[in-house]
Every structure is written in structure tokens, then in C-alpha cells.
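Here are a few exercises to work through with the model open beside you. Try each task before you read its solution.

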Amino acid sequence: MSKEITKREQDYSQWYNDIILKAGLADYSAVRGCMVIKPYGFALWENMRDQLDKRFKETGHQNAYFPLFIPKSFLSKEAAHVEGFAKECAVVTHYRLKNDPNGGGIIVDPDAKLEEELIVRPTSETIIWNTYKTWIQSYRDLPLLINQWANVVRWEMRTRLFLRTTEFLWQEGHTAHATSQEAIDETLTILDIYAEFAEEWMAMPVIKGIKSVNERFAGAVETYSIEALMQDGKALQSGTSHYLGQNFARAFDVQFTDKENKLDYVWASSWGVSTRMIGALVMAHSDDSGLILPPKLAPIQVVIVPIYKGQEQKQMIDEKVKLFMDDFKALGIRVKYDDDDNNRPGWKFAEYELKGVPVRIAIGARDMQSNIVEIARRDTKEKMSVSMDGIANTVQVLLKDIQENIYNRAKVFRDNNITKTDTWKEFEKLLDEKGGFISAHWDGTAETEDKIKELTKATIRCIPLNNLQEEGACIYSGKPSKERVLFARAY
RNA sequence: CGGGGCGUAGCGUAGCCCGGUUAUCGCGCCACAUUUGGGAUGUGGAGGUCGCAAGUUCGAAUCUUGCCGCCCCGACCA
């Protein structure tokens, strides 16, 4: 990669970090690689969580909770799984501290060594499948559709706010089924929920697809993902849904008796999305003034800023706003009245732009006579004067429009950044100069994918579902190919 | 773990190359006043082991050595 690209990446990284810090989503923490999610960021996460949780429940899933610690031996029961995660596990070896007899504070008590080390879960397949063994005997126990909201730890070498932190919050679903087809259907049902959530709630267009073998989840038969495109032209895997076949059932000996009284291993899926989606949101929509949040997820959808001279005017405005607030709340709109006297209006305008609040209403003394307020929308920064009558309804329509607009904007950007190419030279050039997804033929081998990654840093993001079948030649090896796949540099 | 950059008040920084009074400036903070339609203004005030340690020197933010930490890039990865 050239210096310029490195520089561009660096600038983009700093822009990204800046927005997160200034918008008050998160902070760096005392623990390297970990992150403090601040109340505003967490409120955003809660909104995401609530919507996903609702959809999971609508599709028959239940929440449960499994331990944070996994006995080391569990991890090694599924060969591919342990290989995938072994390099990034935090390990608990002792259970006690004591005062250093040689002085100098507190030390790990060498006598308190655990007989078997505990792994801090990087994902919960193993502990959950160990449990499922005791829950499943008959086809009557199936399907088992469980989800858990939890934190996991993956000791990555390099971290990045929200996108890759040592500890992160996520949801992980783990299901067991009587047939292979049922498990595949489940995997795809969830993929659809993720895609629908990304597009309708996050206003972020995604491509559903199948992962290549190289990118497959450790222990899965097939991995599906939703892939989004960020504003710097890099792809972001925003959610994964895995068809596990009978891999974990075999590893943990989970068998059931079917209707014909035959014993078989159960079929499984697992799937998850994480706080990484907040990172996706930041990179998909923000501009130089800060965050732009989709109205459906914004913790604050509307902020009202009073403009006044003296307490008398303030009181008049307060009274009027009180009426507005009731109207907004009646429509289920999340509204905040910022009448904090410590900051001036201009300061507040800038602050809520940073925070990505979709709609801002400024109301001043002179508006009281004219019955008109100024509304500003965050996505276009456009301002308009509207009547106070039916303001809540006006804003409701506007919120909907903003939601659509930022989706469309992101979609136009995404679509303009999917480029087809059939020559290697152009492939390299596109990656360096334009970025985005590159639709190209691939011979289907892991060797070619590895080689392409080595040469360009681009990986196969996915083989899109319902992909058009067309004859072609592999961009790198020239060998025959039946379909195009999507390459990109990725987070 | 490799490459690059950096560490001076809560935040951002100047000074360092070329050692020398009381360490610069902006934001923020406190008090009062005037202000309030796009990050207010004035006056006064508080705030510092110059990342840590050792060394050189009459004298170190500045030079030397070691260590620690952070950010960016790479390997790893959701």
C-alpha cells in the first residue's frame, strides 16, 4: 500500500475515533483494548438490543444465560473451533490473591492455582452444547431456540473502538434441531432478521451472502453474513449466522431419539451481532459535524432548544414546550427539552449535531407571536420554519423522511461502490483508488483467495445469496468460474 | 511482536535541535457582571512531581541510557 493510502486510513481512523469520543458514545478505559461505553452509547445499544430481542422472541426464541467461564477442556472438543479461538483467549489460572510476604503489595497466591484453567468465553458454543446434552433426549425437546445477551472476551492484538475491543457485548443465539433442513432454515431466518434490522433500523444497506471457507466461523459447516460498506470504502461484516451441522452435537455428544426411535445427533445453528454495529452506524452515516443517527434508533429523536432573554421569556417558552412535549410523547417520540442555562443555544446546536440527534427545534420569544418554530434536520442540515400547530405530527413525518433519506444516501453510495472487473490490473487499481466492493470471478480455491489477500489485502467478503450464475475466468488464476464474488478490504 | 508518531494543568499545545530567571498559549474550571436566533464577552482567580527512573552538569522539560504508557500502520480478527 502506498503512503497516501496509509495516510488516508489514518485520517479516517482519527475522524472515526473523534466522533465516538466527542459524541459521548464511549471512552478509552484503563484496561488496554477495552472500552467504556458511556450512557449515550449504551442507550443506543439498548435501542438496538430491544428491537433485535423483540424479533428473536417473535420468531420463537427465548433468552437464557450461561457462565462466563469455560473449562479449558471444553474448548478443545471441537477441533476447528479450538484452532480458531485458541490464540485469543484470556485464561484464569488462579482464584486468590495474597499479600506479598516480601513486601511490595499484593500477589497472585501460588497455592491457589486452579486444577483446570478456565477460559473467559470468546463465544459460548462449548459451554452451551455441554449443557444441551442434558436438555435434549427426544425430538420432543426440539427445536431448542436459545439466545443470550452477554459479554465475551477475545484477546485481539490490535483493537479499535466498537469495531474490535478486547471485551464486547453481543447477542449469541444457539439452536438445536431435529433435521439439517430445519437448522439451515433457522440460520437463514436469523440472517434475514439481521439484514432487515440493518436496513430498516440502522438505515444501512447490507448484502447477504455465504462466506468462503477461509472466512468461515471456526466449527461451522457454512457461515452466512451481512456485509456493509463504510464511507472509507472498506467493508464491515455486521452480523453472522452459522449453520453448524452436527459438529458441536458430535463434539459434545448431543443425541436425540427421533419419531422412528432412531438415535441421531442434533443439527445446530449459532448466530450473533455485537456492539460492533455501533461502529458500523458511525462509519455508515457520520459527517464532519459528527454522528448522524437513524431516527428509529436515536436515543434522543428530537431536541428542543429554547432561546430567550431573561426569565420571563424563558417561562413563556417553558409553558409552550410543555404542551409540545406531551404531544411528542403521545406519539411515542423520544424528545428532550434542553433548557440548561449553562450553555448558550449555539453551543447546544453544535453539541446535538455531534451527538447525531435527527431533529432539532429552536424556539424563541419572537416565535411565540408568529406561532412558528425553526426545525433543523441533522442529515441534510436543512432548516425550515414550521407552524407550531401540529408540530408533533410534522416532526413524526420528518423523522420518517430522515430515516429513509439516510438509508437511500447510504444505498446510493454502496451501489456506486460495487464495481465489476475482469482484469487483475484493474482489480488492484480499484482497491487502491476507489475501494468498495469489487465483483469479480474467483476459481473457488482457498489458495487463490490467500494469494489475493497477500497481494492486495482484499478478502472475499461473501458470495451473495441468489447470485447471478455466469461463466467467467478467475481474476487471479484465470481458471474457470461460474459466478462473481465480492472482494473488499475489510475491518 | 515489527514499523511510524507521541507523552508538558481536566483537554489540546509552545518551548527541546542550540541546557540558564517565576514553563507558553488556547479551551475548559471557579467568582462577578453583561449576555442568549450557530460553539458569548469582559474583569479577576485557581490549577504543573514537564510519563517514570538513573546518569551528565554549577544548573535538565531540553542532553544520554533504560523503562512505562498511548495513538496510527502491519500480523490476528466480529
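**Exercise 1.** Among contacts in chain A between residues at least 6 apart in sequence, what percentage join residues at least 24 apart?

*Solution.* Keep in mind that this is a predicted model. Start from the contacts in chain A whose partners are at least 6 apart in sequence; 69% of these join residues at least 24 apart.

**Exercise 2.** Describe the overall build of chain A.

*Solution.* Begin with the secondary structure: chain A has 14 helices and 26 strands. Next, take the radius of gyration, which is 26 Å and close to the 23 Å that the globule rule gives for 491 residues, so chain A is as compact as a globular protein of that length. Along its principal axes, the C-alpha trace spans about 80 × 65 × 60 Å. Finally, turn to burial: 40% of the 491 residues count as buried.

**Exercise 3.** Which residues touch the most other members of the largest nonpolar core?

*Solution.* This core holds 92 residues, and M202 and A228 are the ones that touch the most other members. Now look around M202, setting aside its neighbours within four places in sequence: its contacts are F197, M277, A280, L281, P294 and L297. Apart from the largest core lies another, of 27 residues, including I128, A249, A251 and A268.

**Exercise 4.** Place β13 among its partner strands, and explain why it counts as largely enclosed.

*Solution.* First find β12 (residues 222–229), which pairs with β13 in the antiparallel sense over 8 bridges. To check the register, find Y224, which stands opposite S241 in β13. The two strands, β12 and β13, form a hairpin with 5 residues between them, and G233 in the turn has a positive phi of about 90°.

Then move to β16 (residues 267–274), which runs antiparallel to β13 and is joined to it by 5 bridges. Here G272 in β16 is the bridge partner of T240.

Last, count the buried residues: 10 of the 11 in β13 are buried, so this strand is largely enclosed by the rest of the structure.

**Exercise 5.** Which element gives the largest share of the surface near RNA strand B?

*Solution.* There are 42 residues around RNA strand B, of which M157, R158, G346, A350 and G364 come nearest. The elements that give two or more residues to this surface are α1 (3–22), β13 (235–245), α10 (345–354), β19 (359–364), α11 (365–370) and β20 (372–377). The largest share, 8 residues, comes from α10. Sorted by class, the surface has 14 nonpolar, 10 polar and 18 charged residues.

Note on methods: Residues numbered from 1 in each chain as written. Chains lettered and ligands numbered in written order. Predicted model: local features only at pLDDT ≥ 70, side-chain atom pairs only at ≥ 80, totals over all residues. Near = placed C-beta within 6 Å. Helix = DSSP H or I, 4+ residues; strand = E, 2+ residues; numbered from the N terminus. Nonpolar A, V, L, I, M, F, W, Y, C, P; charged D, E, K, R; others polar. Buried ≥ 20, exposed ≤ 12 C-beta atoms within 10 Å, placed from the backbone. Pairing = 2+ DSSP bridges. Rg over C-alpha atoms; globule rule 2.2 N^0.38 Å. Contact = placed C-beta atoms within 7 Å. Core = buried A, V, L, I, M, F, W, Y, C linked by C-beta atoms within 7 Å.
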